[in-house]
Amino acid sequence: MLITQLKDKDTIRSLTAGKKVFIINCHGCREVYFPLEEAADLQTELASAGQVCGVVTTDYICNPENMELRFSKYKEQIEAADLVMVFSCGVGVQTVAAYLEEKTVLAGCDTVRLPGAQGVTPLEYDCGQCGECYLNLTGGICPITACSKSLVNGQCGGAKHGKCEVDSDMECGWERIYRRLEKIGRLDALNCPTQIRNYATDDEV
């Protein structure tokens, strides 16, 4: 099981300042927990500032075929947006980022693991549910699950020909992150100092 909790509002405000935002709410797992009221209040604030150019509330965006069908009618609004803000678990954010590969896609939530059975996603994307999501700094590619060593501060230097030194069948996660950030014009994100990860977020839930 998992829950999603809203990221710090000041952080979201700084990421969206002066930008046109398309908002995606995923309620597929809301029977577990989704910060409905907090997310709605923040989105109302952004809308009042004239920043929101579209909102879609759906479920299970981790299913790419379902997601593509539902998003097709919002194509013009998404194209008009400077960025897309996704309120979902980390899997949903990664799915949208892969689908909108030339658009900045940001996570509005952190994902926290709870004891119990996990749901099944039809995708290869994974979420570490670490309670401290890095997707906003890494172009929608999770460094915890895309890197064999779960490095959050860059490549280890051991990759060869774009492949991980731990698993030669695995593409280096940080090379993927670099290419993604370069494509969306956000290489400056790599200049942001990464704070030491708070591993206690897993244990304190």
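Select L190 in this predicted model. L190 sits in the loop between α7 (173–183) and α8 (200–203). Its relative accessibility is 37%, so L190 counts as partly exposed. Now add Y178 and L187 to the selection: together with L190 they make a nonpolar surface patch of about 240 Å².

**Strand β2**

Move to residues 21–26, which form strand β2. How many of the residues of this strand are buried? The count is 6 of the 6, so β2 is largely enclosed by the rest of the structure. Show the side chains to see the two directions they take. V21, I23 and N25 point one way from β2, while F22, I24 and C26 point the other way. Residues on both sides of β2 are buried.

Next, display the strands that pair with β2. Strand β3 covers residues 52–58 and runs parallel to β2, with 6 bridges joining the two. Select I24 and V56 to see one of these pairings: V56 in β3 is the bridge partner of I24. Strand β4, at residues 83–87, is also parallel to β2, and 5 bridges join them. Here the pair to select is F22 with V84, its bridge partner in β4.

**The largest nonpolar core**

Keep I24 and V84 selected and add V96. These three have the most contacts inside the largest nonpolar core, which has 25 residues. The elements that give two or more residues to this core are β2, α3 (64–71), β4, α5 (90–99) and β5 (104–107). As background, nonpolar side chains in soluble globular proteins tend to be buried together.

Centre the view on V84. Leaving aside neighbours within four places in sequence, V84 is in contact with F22, I24, I78, V96, L100, K103, T104, V105 and L106. Apart from the largest core lies another one of 13 residues, among them I23, A39, L42 and M85.

**M85**

Select M85, which is in strand β4. Is M85 buried or exposed? Its relative accessible area is 0%, so M85 is buried. Turn on a distance label from M85 to F22: the C-alpha atoms are 6.2 Å apart in space, although the residues are 63 apart in sequence. Beyond neighbours within four places in sequence, M85 is in contact with I12, T16, V21, F22, I23, I24, L106, A107 and G108.

**Helix α5**

Select residues 90–99 to bring up α5. Here 8 of the 10 residues are buried, so α5 is largely enclosed by the rest of the structure. The buried residues in α5 are G90, V91, G92, V93, Q94, T95, V96 and A97.

**Salt bridges**

The charged pairs come last. Side chains of opposite charge can pair when their charged atoms come close. How many salt bridges does the count come to? It comes to 7, and three pairs can be visited in turn.

Start with E45 and R13. They form a salt bridge, with the closest N and O atoms 2.6 Å apart. The pair links distant parts of the chain: E45 is in helix α2 (residues 36–48) and R13 is in helix α1 (residues 9–16), 32 residues apart. Both ends can be checked for exposure. E45 is partly exposed at a relative accessible area of 34%, and R13 counts as partly exposed at 31%. Add D10 to the selection, because D10, R13 and E45 are linked in a network of salt bridges.

Go next to D59 and R70, a salt bridge with its closest N and O atoms 3.2 Å apart. D59 lies in the loop between β3 and α3 and R70 in helix α3, so the pair ties together parts that are 11 residues apart in sequence. D59 is partly exposed, with a relative accessible area of 28%. R70 counts as partly exposed too, at 35% relative accessibility.

The final stop is K149 and E165. In this salt bridge the closest N and O atoms are 2.4 Å apart. K149 and E165 are each in the loop between α6 (143–146) and α7, 16 residues apart, and the pair links distant parts of the chain. K149 has a relative accessible area of 38% and is partly exposed. E165 is partly exposed as well, at 48%.

Definitions and conventions
Residues are numbered from 1 along each chain as its sequence is written. This is a predicted model: local features need pLDDT of at least 70, side-chain atom pairs count only at pLDDT 80 or more; totals for chains, interfaces and linings use all residues. Side-chain values use heavy atoms; hydrogens and water are left out. Patches are made of residues with over 30% relative accessible area and no salt bridge: like charges are joined within 9 Å, nonpolar side chains (Val, Leu, Ile, Met, Phe, Trp, Tyr) within 5 Å. Accessible areas come from the Shrake-Rupley method with a 1.4 Å probe; for residues, only the protein chains shown count as cover. A salt bridge is a side-chain nitrogen of Lys or Arg within 4 Å of a carboxyl oxygen of Asp or Glu. Helices (H or I, at least four residues) and strands (E, at least two) are DSSP runs, numbered from the N terminus. Buried means under 20% relative accessible area, exposed over 50%, partly exposed in between (1.4 Å probe, protein chains only). Two strands pair if DSSP finds at least two bridges between them. A nonpolar core is a set of buried Ala, Val, Leu, Ile, Met, Phe, Trp, Tyr and Cys residues joined through side-chain atoms within 4.5 Å. Contact means heavy atoms within 4.5 Å.
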